[in-house]
Amino acid sequence: MMDQAKPRWAVVSRVLREPLLHFLLIGLALFTYYGRAAPEGGDERRIVVSQAHVDELGRRFQATWNRPATAKELAGLVDSYVSDEILYREGRTLGLDRDDQVIKRRVRQKVEVLAEEDGERRTPTDAELTAYLVAHPEKFAPPALVSFEQLYFDSTKAGVESRVRAAGVRLAAGDQPASLGEPTMLPYRVDRADLDTVEHDFGSDFASTLTTVPRGQWVGPVRSGLGVHLVRVTTSTPSVRPALDDVRQQVQREWEYDRRKRAFAASYERMRARYDVAIEARLAHAQ
Amino acid sequence: MQRPRLAIALALGLSVPALLAGCSRKQPEQAADTASPDAAASTAANPASPGYPTRVFFGDTHLHTAMSMDAGLFGNRLGVEEAYRFARGEEVTASSGTKAKLSRPLDFLVVADHSDNMGFAPDLIGGKPDLLTDPTGKKWYDMIQAGEGNAAAMDLIDKFSRGILPEKLMYAPGTPPYAAAWKLTVDAAEKYNEPGKFTAFIGYEWTSQVPPGNNLHRVVIYRDGGDKAGQVEPFTTYPPAGSTTPEDLWKVLQAYEAKTGGQVLAIPHNGNLSNGWMFPWDVNPASKQPLTREYAETRMRWEPLYEVTQIKGDGEAHPFLSKTDEFADFETWDKGNLNLSELKKKEMLQGEYARTALQTGLQLEQKLGVNPYKFGQVGSTDSHTSLTTADDDNFWGKNTPSEPSATRASHPFAKTKLATIMGWEQTASGYAAVWATENTRAALWDAMKRKETYATTGPRMTVRFFGGWDFVEADAQAADVAAAGYGKGVPMGGDLKRAAADKVPTFLVAAMKDPAGGNLDRIQIVKGWVDPQGARQEKVYDVVWSGDRKPGTDGKLPAVGNTVDVANATYTNSIGAAQLAAVWRDPGFDPSLRAVYYVRVLEIPTPRWTAHDAKRFNVKMPKEVRMVTQERAYTSPIWYTPSG
């Protein structure tokens, strides 16, 4: 939803790359300086609308309407541009851009993007990716697989203990297991499900119990968030570390994400070191 | 073969590890299976694939990130990547500075940022691609390559200061910054989409807000990958490129499919803030035209689902429209339109709530020949924090200022001179549940298209709903409810074909609690129909419930009770049922009348997010703040249409 009146600005997209970035950074710094220092009545008061500029307005109109703008329409677009500029510059002269939370956030976002993109940007080598994979096996290892059978007993109905016990006795007597549980939407047999799936369907306690029970025999009662179960785990395939080629896309994604976060942290640390922050207020007494 | 050994404790209440330690004999590890992990990645928790969906997947079809202009203004600094990472279960640092993590990962996510001004790139940053196509930009680029960056920078500053830098930034389709924003969105979805594990849909929100502020928003979801979805930029609402009329959106969706051979659908939301415009019943206020058969056909062509519950209120039913339904007044937002620029009038409500719209659809079908409101239901968050949260004990609010704090509940959420919505009125809701054969874009999208979905207000309860002519009580107790359901009927979202003479429609319903949530209170079937006079009618039936409660003389089932300890924000599952199932026959069936049926499942009462906040931050909530909630699920309907 749009929470309030349509705001003018939105958010940074991360499109910065390469040397142009550094040039623009310098530009931003210098422009900020000049913007503040520009003398009254100087270039701040001059608005030139070049032919190239008008051409661009026309091109954009054409893209939208699939026809060229008329001269009158172009004049309207130019008027609109000029009034934007004038009002923006007047506002800036009045200092309305200062201490404006919206502008502060926008500028902050720009700097964050710049900081994240700081440093070299390149495709990681296989050696780097392998090192990352080895350092973070838990991020990439496929979940363990498990096959099991389960009998369900509804613990929100009275006497679940005796019902489980009775089923246990019949299991021991060699009755067909599948017929001994209570009706449920849960499956009796689960084949080669990964543990994430078991957790999704049965809850986390049940899933972690499956990894600890002995194979091939009925055990229980095992409690889950759904009720009480008797369980027989038939097979279990432990998680193994995948080869890089099996998870290359994921490893590269994580490696790059990690690199950006570290670049930002380092940049911020450098910036922070240049400031002397004195907190003179008594925080506990904030109104 | 030896009989299976048995290790059953005769006394319950022992912890499992203790029990096992005491009675199990270690077995050698079974040989590992040899099939590749890939083959098993999408294996359902069910044996052989029966050809119908055996698992339900939970996700959010409607999440905003910092790419949305308003989200960014509100201080959301988390982008699309963080949104995906959080939905996949990873910890992120919220924009308000604290760590946030879901209790359980979701299965899918649609990042649906506002198309208008999407990724409004700042002049310096977003202008870059354009700069290179511009002669001046190209000149500077070449100067930089030649090591003359400083001179280029001075030139830039000069031109910038004199206002002759080409003004390249217009955040509308067809402009480079817009293309960059869309590309970023598409690329992130491609990067985080992992078939079988987590589905990242490509999508956006078309944010039609007809003056004075009537909400006609739609989330657009692509079935396709970036190769197709990346070919066409999102449709906006600002003229001249965009439009606030849904018919225009539908044309754009049609054009997308024609151009790319892809598939796309749209999900409207927040009819409750449309001031009667979401489900018109006569003249379409958006186009000022009377509703036509073409309108109905086109709307149904593109909008199979409706987002019925979310943070800005629940839209299933309204107490004014459903006066005898004691559960209709749930998280109701009915003060005005989206921006509170116009107050609500009672006569607007019939164009806003799903239950009534489903009945209006039947009326319109009689008149136009096609039902424009034959929609299925999903829930989603519409969160603007990049954090998809719908759990009351882990609710991160609508936008960054509503992230957890001692004051978020007691501060106004939205305020105009006409009305105020307080922070505590935000609803920790909801998610979309989708019955699909596997967790992929194609399988989930196809399930959405055929409406095999339901809405939940947060809990991940499992709900089945089938309609047919031959269900018998034993089907509800079958070892495989789904096999009976698909074998003898149609699932949620389906149509009942004409019955043999003297047949009455039967419905098979089953629900299982969220393994990490509250027990179930009851399953209800909500029936809507058009009477012989052409009037809308509705009735809520209690179908199966926990315990041994008996309906009173008024036909009402007594309340399930309440175990909530508000001060400690806790409850116990000592009331309610873990699962409920039944077969229900419509006692009021008239084969000559159109009807629509859907299921509502109620949980037992649990602490509302405000109770968790009060406990966590040790604050006293204003007395009007609701502290207890009753979570629920709404399925897509099953329709009955008389033949002839």
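1. P221(A) sits in strand β3 (residues 218-223) of chain A, where strands, like helices, are DSSP runs numbered from the N terminus, a helix being H or I over at least four residues and a strand E over at least two. The peptide bond that leads from G220(A) into P221(A) is cis, with omega near 0°. This is a predicted model, in which local features need pLDDT of at least 70 and side-chain atom pairs count only at pLDDT 80 or more, while totals for chains, interfaces and linings use all residues. Residues are numbered from 1 along each chain as its sequence is written, and chains are lettered from A and ligands numbered from 1 in the order in which they are written.

2. A cis peptide bond is also found in chain B, joining S429(B) and G430(B) with an omega of about -10°. G430(B) is placed in the loop between β18 (420-422) and β19 (431-436) of chain B.

3. Some backbone angles deserve a look as well. R192(A), although it is not a glycine, has a positive phi of about 50°, and this residue belongs to strand β2 (residues 189-194) of chain A. R192(A) counts as buried because it has 21 C-beta neighbours inside 10 Å; the term buried requires 20 or more other C-beta atoms within 10 Å of the residue's own, exposed means 12 or fewer, and partly exposed lies in between, with C-beta atoms placed from the backbone.

4. D382(B) is likewise not a glycine and has a positive phi, here of about 60°. The residue lies in the loop between β16 (376-379) and β17 (412-415) of chain B, and D382(B) counts as buried because 26 C-beta neighbours fall inside 10 Å. A further positive phi, near 65°, belongs to K451(B), which follows helix α14(B). In that helix (residues 441-449 of chain B), the buried residues are R441(B), A443(B), L444(B), W445(B), A447(B) and M448(B).

5. Strand β28 (residues 595-603) of chain B merits separate attention, since nine of its nine residues are buried and the strand is therefore largely enclosed by the rest of the structure. A595(B), Y597(B), V599(B), V601(B) and E603(B) point one way from β28(B), whereas V596(B), Y598(B), R600(B) and L602(B) point the other way, and all are buried. Charged side chains such as E603(B) and R600(B) are thus to be found in the two lists, one in each.

6. The pairing of β28(B) can be followed strand by strand, two strands being paired if DSSP finds at least two bridges between them. Strand β25 (residues 520-530) of chain B runs antiparallel to β28(B) and is joined to it by nine bridges, with Q524(B) standing opposite R600(B). Strand β32 (residues 638-640) of chain B pairs with β28(B) in the antiparallel sense over three bridges, and there I638(B) stands opposite Y597(B). Strand β31 (residues 632-635) of chain B is also antiparallel to β28(B), over three bridges, and its R632(B) stands opposite L602(B).

7. As for chain A overall, the secondary structure comes to 10 helices and four strands, which follow the pattern α-α-α-α-α-α-β-α-β-α-α-β-β-α along the sequence. Of its 287 residues, 28% count as buried. Among the contacts in chain A with a separation of 6 or more, 67% are between residues 24 or more positions apart, a contact being a pair of residues whose C-beta atoms, placed from the backbone, lie within 7 Å.

Conventions. Contact = placed C-beta atoms within 7 Å.
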